[in-house]
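Trainee: Hi! Could we walk through this structure together?
Mentor: Happy to, let's put it on the screen.

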Amino acid sequence: MERNSEDNPVLIGQSGPLDGQRWMVRDNIVLGRDMDCDIIIPSRQVSRKHAHLTLSDSGVKIEDLGSKNGTHLNGSLVEDSRKLKDGDVIQIAFAQQFMFLSSDATMPLELEGMGGISATPEGLLRLDKSSRQVWIGDEEVIPPLSASQFQLLELLYERQTRVVSRKEIISEIWGAENAIDVSEQALDALVRRLRDRLASIDSNHLYIITIRGHGLRLDNPPQ
């Protein structure tokens with residue numbers, strides 16, 4: 001099925017043996033342990049033909065192929081065909097997790113073919129942990145970020161291309177013992193302030209990306 005390249009949905013391996021790899025969904029895809037599968041997951045917990053992604057004009061649907069250990073979508077067992085939406089998390093047995101993005105236009109790296117790229121090149125945004133300095137290109141973010149803004153950026157920077165959950169962000173910045181008292185609005189305000197600071201240097205790129213229902217990730221374009 002032909003689609004514009006910028007409209008290609010993307011699967012990202014988040015944990016398991018395929019962690020960090022990415023695939024454009026340009027056609028129907030079978031996931032499983034068998035060598036004939038389009039995405040091979042090398043784990044005995046995964047069935048030979050485990051799950052199937054179906055691409056159509058209306059989007060991408062996932063269905064389990066009668067696997068032994070099941071397929072989960074956002075924590076719920078997939079029993080019938082389910083349509084995927086941006087930011088959905090797919091769990092194959094207990095072995096491999098994927099994130100689904102509805103368009104590769106939101107990806108920080110240019111991806112080619114079905115092979116994934118596991119390494120992120122040095123990006124336009126750089127930071128120095130010891131001095132707490134941040135640069136976008138050759139321009140330093142002045143005045144320096146606040147402590148909480150830098151903590152948030154550092155957390156996302158260390159896990160580039162991965163989605164960090166809101167719960168984990170709150171725990172890291174405010175402390176696990178205080179997390180229950182921190183509102184969603186407090187995190188949203190922190191994210192907004194950090195975005196504004198980065199936009200003061202580069203207003204043409206949104207570095208902090210929200211994956212609705214899941215968390216945040218850093219979109220750090222290559223230099």
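Mentor: A word on terms before we count: helices here are DSSP runs of H or I with at least four residues, strands are runs of E with at least two, and both are numbered from the N terminus. Keep in mind too that this is a predicted model.

Trainee: Okay, so how many helices and strands are in the chain?
Mentor: The chain has three helices and 17 strands.

Trainee: And what share of the residues counts as buried?
Mentor: Of the 223 residues, 46% count as buried. As for contacts between residues at least 6 apart in sequence, 49% of them join residues at least 24 apart.

Trainee: Since it's a prediction, what does the pLDDT average over the chain?
Mentor: The average is 84, and 87% of the residues score at least 70. Residues 1-6 have a pLDDT below 50, and that stretch makes 12 contacts in the model beyond near neighbours in sequence. Residues 105-121 are also below 50, with 41 contacts beyond near neighbours.

Trainee: How should I treat places where pLDDT is low?
Mentor: Predicted coordinates should not be read in detail where pLDDT is low.

Trainee: Fair enough. Let's do helices: at what angle do α2 and α3 cross?
Mentor: Roughly 80°, with the axes of α2 (residues 166-174) and α3 (residues 184-199) coming within 11 Å. Angles of 65 to 115 degrees count as roughly perpendicular, so α2 and α3 are roughly perpendicular to each other.

Trainee: Which residues make that contact?
Mentor: From α2 there are Arg166, Ile169, Ile170, Ile173 and Trp174, and from α3 there are Glu184, Ala186, Leu187, Asp188 and Leu190. That contact divides into seven nonpolar residues, no polar ones and three charged.

Trainee: What about α1 and α3, how do their axes cross?
Mentor: They cross at roughly 85° and come within 10 Å, so α1 and α3 are roughly perpendicular as well. On the α1 side you have Ser148, Gln149, Leu152 and Leu153, which meet Leu190, Val191, Arg193, Leu194, Arg197 and Leu198 in α3. The residues of this contact divide into six nonpolar, two polar and two charged.

Trainee: Some of those names make me think of the core. Which residues have the most contacts inside the largest nonpolar one?
Mentor: Val134, Leu152, Leu153, Ile169, Leu198 and Ile208, in a core of 25 residues. Two or more residues come from each of β12 (125-128), β13 (133-136), α1 (147-158), α2, α3 and β17 (215-218).

Trainee: Take isoleucine 208, then. What is it in contact with, leaving aside neighbours within four places?
Mentor: Isoleucine 208 contacts Leu153, Leu156, Val191, Leu194, Arg195, Leu198, Leu216, Arg217 and Leu218. There is also a second, separate core of 23 residues, which includes Ile29, Ile39, Leu53 and Ala95.

Trainee: Switching to the backbone: where is there a cis peptide bond?
Mentor: Between isoleucine 142 and proline 143, with omega about 0°. Proline 143 is in the loop between β14 (139-140) and α1. Most peptide bonds are trans, and most residues other than glycine have a negative phi.

Trainee: On that second point, what is the phi of asparagine 74?
Mentor: Asparagine 74 has a positive phi of about 55°, although it is not a glycine. You'll find asparagine 74 in the loop between β7 (71-73) and β8 (76-77), and it counts as partly exposed at 35% relative accessibility. Arginine 132 also has a positive phi, near 60°. Arginine 132 sits in the loop between β12 and β13 and is partly exposed, at 41% relative accessible area.

Trainee: One more spot, lysine 61. Which strand is it in?
Mentor: Lysine 61 belongs to strand β6 (residues 59-64). With a relative accessible area of 39%, lysine 61 is partly exposed. Lysine 83 is 22 residues away in sequence but 4.2 Å away in space, C-alpha to C-alpha. Beyond its neighbours within four places, lysine 61 touches His52, Leu53, Thr54, Ser81, Arg82 and Lys83.

Trainee: And glycine 213, is that buried or exposed?
Mentor: Exposed, with a relative accessible area of 75%. Glycine 213 is in the loop between β16 (208-211) and β17. Its C-alpha is 8.4 Å from that of aspartate 88, 125 residues apart along the chain.

Key:
Residues are numbered from 1 along each chain as its sequence is written. This is a predicted model: local features need pLDDT of at least 70, side-chain atom pairs count only at pLDDT 80 or more; totals for chains, interfaces and linings use all residues. Side-chain values use heavy atoms; hydrogens and water are left out. Axes are lines fitted to C-alpha atoms, for helices over the stretch in contact, and angles run from 0 to 180 degrees between N-to-C directions. Angles under 35 degrees count as roughly parallel, over 145 as roughly antiparallel, 65 to 115 as roughly perpendicular and the rest as oblique. Contact means heavy atoms within 4.5 Å. Ala, Val, Leu, Ile, Met, Phe, Trp, Tyr, Cys and Pro count as nonpolar, Asp, Glu, Lys and Arg as charged, and the others, Gly among them, as polar. A nonpolar core is a set of buried Ala, Val, Leu, Ile, Met, Phe, Trp, Tyr and Cys residues joined through side-chain atoms within 4.5 Å. Buried means under 20% relative accessible area, exposed over 50%, partly exposed in between (1.4 Å probe, protein chains only). pLDDT is the predictor's confidence in each residue, from 0 to 100.
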